[in-house]
Amino acid sequence: MSNLMSQARSRVPRSAWAAVERARLSVVPVRRSRAPRMPFAILVSLVLATGVVGLLMFNTQMQQASFHAASLQEKADSLTAQRQALAMELEALRDPQRVAQRARRLGMVAPSVPAFIRLSDGRIIGAPAPATPEDAVPIHGAPAVKPSSLDPAPLVITVHPRDQRSGATSQTGRGGTNGATAPASEGASR
């Protein structure tokens with residue numbers, strides 16, 4: 001084998017052989033040093049603390065936004081109610097009956113016979129006459145009549161003075177008002 005090696009050395013230039021010698025594997029002693037654990041632990045702690053603080057800030061911001069939205073909704077509801085109240089008041093002020101009553105209190109009367117002016121030639125059509133309070137049209141209509149089915153005849157029970165003094169009871173054994181009873185024929189008919 002040494003023969004083979006010597007032949008190989010003679011054929012290969014010296015510089016190449018030196019490179020092969022340097023490239024040979026050798027056993028490296030094992031180092032027993034570990035990577036420091038403290039910087040890693042600090043890094044993990046900082047990441048966790050930053051995450052917790054970030055979540056708390058996000059949650060607080062969301063709560064504040066929720067409270068602000070609730071207060072804005074309450075204000076919107078209040079303004080909507082106020083707008084509806086004002087619209088109802090405006091409708092009450094625009095009511096024709098109210099306007100007519102107010103005009104009458106101011107002494108205004110609708111004309112009984114109106115007259116018109118034709119704008120093309122300025123001619124008056126009709127016989128104008130001043131309005132008087134006697135010509136006023138009644139504002140209030142006839143009162144509403146209650147239907148007879150909603151207004152039944154009253155039920156009248158006659159009490160005889162003789163029954164009140166004696167404290168008599170009816171035939172069924174029950175006493176009436178102040179001991180008085182209605183006649184049997186009257187109670188059966190109603």
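## A nonpolar patch on the surface

Let's start on the outside of this protein: Phe-40, Leu-43, Val-44, Val-47 and Leu-48 together make a nonpolar surface patch of about 510 Å². One of these residues, Leu-43, sits in helix α3. Leu-43 has a relative accessible area of 51%, so it counts as exposed, the cut-off for that class being over 50%.

For the protein as a whole, the exposed surface comes to about 17600 Å², and 62% of that area is supplied by carbon and sulfur atoms. Buried residues, on the other hand, make up 4% of the 190 residues.

## How far to trust the model

Please keep in mind that this is a predicted model. The mean pLDDT of the protein is 79, with 76% of the residues reaching 70 or more. Where is confidence highest, and where is it lowest? Helix α3 has the highest value, at a mean of 95, while helix α6 (residues 184-189) has the lowest, at a mean of 46.

The stretch covering residues 170-190 deserves some care when you look at the structure, as pLDDT stays under 50 there. For this stretch the model has 23 contacts beyond four places in sequence. Where pLDDT is low, the predicted coordinates should not be read in detail.

## The overall fold

Six helices and two strands make up the secondary structure of the protein. Following the sequence from start to end, you would meet them in the pattern α-α-α-α-β-β-α-α.

Contacts between residues at least 6 apart in sequence give another view of the protein: 33% of them join residues at least 24 apart.

## Two salt bridges

How many salt bridges does the model contain? The count comes to two. In one of them, the side chains of Glu-91 and Arg-94 meet at 4.0 Å, N to O. Helix α3 (residues 38-94) holds both partners, and because Glu-91 and Arg-94 are three residues apart in that helix, about one helical turn separates them. Glu-91 and Arg-94 are both exposed.

The other pairing brings Asp-121 together with Arg-118, and their closest N and O atoms are 3.6 Å apart. Are these two partners buried, exposed or partly exposed? Asp-121 has 48% relative accessibility, so it counts as partly exposed. Arg-118 is also partly exposed, because its relative accessible area is 34%.

## A closer look at Asp-135

Asp-135 lies in the loop between β2 (124-125) and α5 (161-166). With a relative accessibility of 29%, Asp-135 counts as partly exposed, because that class runs between 20% and 50%.

Which residues does Asp-135 touch, once its neighbours within four places in sequence are left aside? Its contacts are Val-109, Ala-110, Ser-112 and Pro-130. As for Val-113, this residue is 22 residues from Asp-135 in sequence, and the C-alpha atoms of the two are 9.5 Å apart in space.

Methods: Residues numbered from 1 in each chain as written. Predicted model: local features only at pLDDT ≥ 70, side-chain atom pairs only at ≥ 80, totals over all residues. Heavy atoms only, no water. Helix = DSSP H or I, 4+ residues; strand = E, 2+ residues; numbered from the N terminus. Buried < 20%, exposed > 50% of the residue type's maximum accessible area, 1.4 Å probe, protein only. Contact = heavy atoms within 4.5 Å. pLDDT = per-residue confidence, 0-100. Areas by Shrake-Rupley, 256 points an atom, 1.4 Å probe, with all protein chains shown as cover. Patch = residues over 30% accessible without salt bridge, like charges linked within 9 Å, V, L, I, M, F, W, Y side chains within 5 Å.
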